[in-house]
Amino acid sequence: MIHAIDHLVILVSDLAAAAADYERLGFTVVTGGEHADGASHNVLVSFADGSYLELIAFKRAAPSHRWWRHTTAGAGLIDFALLPSSTPEVVAEARARGLELEGPHAGGRLRPDGVRLEWQTAMAAGEELPFLCGDVTPRDLRVPHGAAHTHANGAQGVAEVHIAVRDLALSAQRYAQLLGTEPALVDGRPTFALGAGAIVLRSPAADPEAEALAARIAARDEGIFAALISGVTTLDPQLLHGARLLPVAP
């Protein structure tokens, strides 16, 4: 079973500068650490709804990394993860519904305090689908909590994730195979409720933001286009390092 949206991945070129700018936006930013392969490091913005933002920067060239290709297009939202009860179980369930997933694969990160985190990931071939991120070590070690959930700008969580796709019907079918649920049609867009949030599929065809959606697909292929952050009145786009994060006022 997939419980919720786990986190959004935001690629940045300078991690320290991005962390400072997100603090200026009113977010509480927590140092994450260095990933197991040593190629990247991150900081985290954790929310009361259990989701979080991962700001990640590469420390060296990593052509084999899933996200390295995005460095060509620059900073911005590049991926997102869902939280499974068990990565192997969800992989088996999705395969039974006709969706092939790669994994589970072992992953990890070393926190600055020396604590090593471990998780399992799995992913489909299609760029529009998220990856799974299931914890092996306790999730509280990976995801900051307590005071980290309090943000000066009032942020509470990820209300919606919007995905740029070429073919709404085809992508809706693939999401249904992954999630095991059928979408509702909201304003003509297939929408999957998931935990406290929702996943919304959007295509350049007949969308008010057709040009921006097409530009996203041209630059990075299909994938995460925007996210709505609940509890926030305003977010200065100049400080978001290319991420299309939209405020949802309380």
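This text goes through one helix, two pockets and a few backbone features of a predicted model.

Helix α1 spans residues 15–24, and its buried residues are L15, A18, A19, D21 and Y22. These residues lie on the same side of α1, because they cover an arc of only 165 degrees around the axis. The spacing fits a general rule: an α-helix has 3.6 residues a turn, so residues three or four places apart point the same way. The other side of α1 carries A16 and R24, which are exposed. What does the buried side of the helix pack against? The partners of the buried residues of α1 are four strands: β1 (2–11), β3 (40–46), β4 (52–58) and β14 (245–248).

Both ends of the helix can be described as well. At the N-terminal end, D14 acts as the cap of α1, with a side-chain oxygen 3.2 Å from the backbone nitrogen of A16. A16 thus appears twice, as an exposed residue of α1 and as the backbone partner of D14. After the helix comes G26, with a positive phi near 100 degrees.

The next topic is the pockets. The largest pocket has a volume of about 550 Å³. Its lining is made up of 28 residues, and those nearest the centre are H35, H65, W67, W119 and T121. Two or more lining residues come from each of β3, β4, β6 (101–110), β7 (116–124) and β8 (131–135). Of these strands, β6 gives the largest share of the lining, with five residues. Strands β3 and β4 link this pocket to the helix described above, as they contribute to the lining of the largest pocket and also pack against the buried residues of α1. Sorted by class, the residues lining the largest pocket are 12 nonpolar, 10 polar and six charged.

The second largest pocket holds about 220 Å³ of space. It is lined by 14 residues, with R216, R220, F225, G242 and R244 closest to the centre. The elements that supply two or more of the lining residues are β5 (76–84), α5 (210–220) and β13 (223–230). Which element gives the most to this lining? Helix α5 does, with five residues. By class, nine residues lining the second largest pocket are nonpolar, two are polar and three are charged.

Some backbone features remain. The peptide bond between G103 and P104 is cis, with omega near 5 degrees. P104 belongs to strand β6, the strand that gives five residues to the lining of the largest pocket.

Two residues other than glycine have a positive phi, and each sits in a loop next to α5. A206 has phi near 60 degrees and is part of the loop between β12 (197–202) and α5. D221 has phi near 80 degrees and is part of the loop between α5 and β13. Are these residues buried, partly exposed or exposed? A206 has a relative accessible area of 85%, so this residue counts as exposed, for which the cut-off is over 50%. D221 has 26% relative accessibility and therefore counts as partly exposed. The loop that holds D221 joins α5 and β13, both of which contribute to the lining of the second largest pocket.

Conventions:
Residues numbered from 1 in each chain as written. Predicted model: local features only at pLDDT ≥ 70, side-chain atom pairs only at ≥ 80, totals over all residues. Heavy atoms only, no water. Buried < 20%, exposed > 50% of the residue type's maximum accessible area, 1.4 Å probe, protein only. Arc of directions from axis to C-beta. Contact = heavy atoms within 4.5 Å. Polar contact = N/O pair within 3.5 Å; in protein donor to acceptor, adjacent residues only side chain to side chain. 1 Å grid on protein atoms, 1.4 Å probe; cavity = no way out; pocket = protein on both sides within 12 Å on 5 of 7 lines; lining within 4 Å. Points joined across faces, edges and corners; volume = space filled by probe spheres on them. Nonpolar A, V, L, I, M, F, W, Y, C, P; charged D, E, K, R; others polar.
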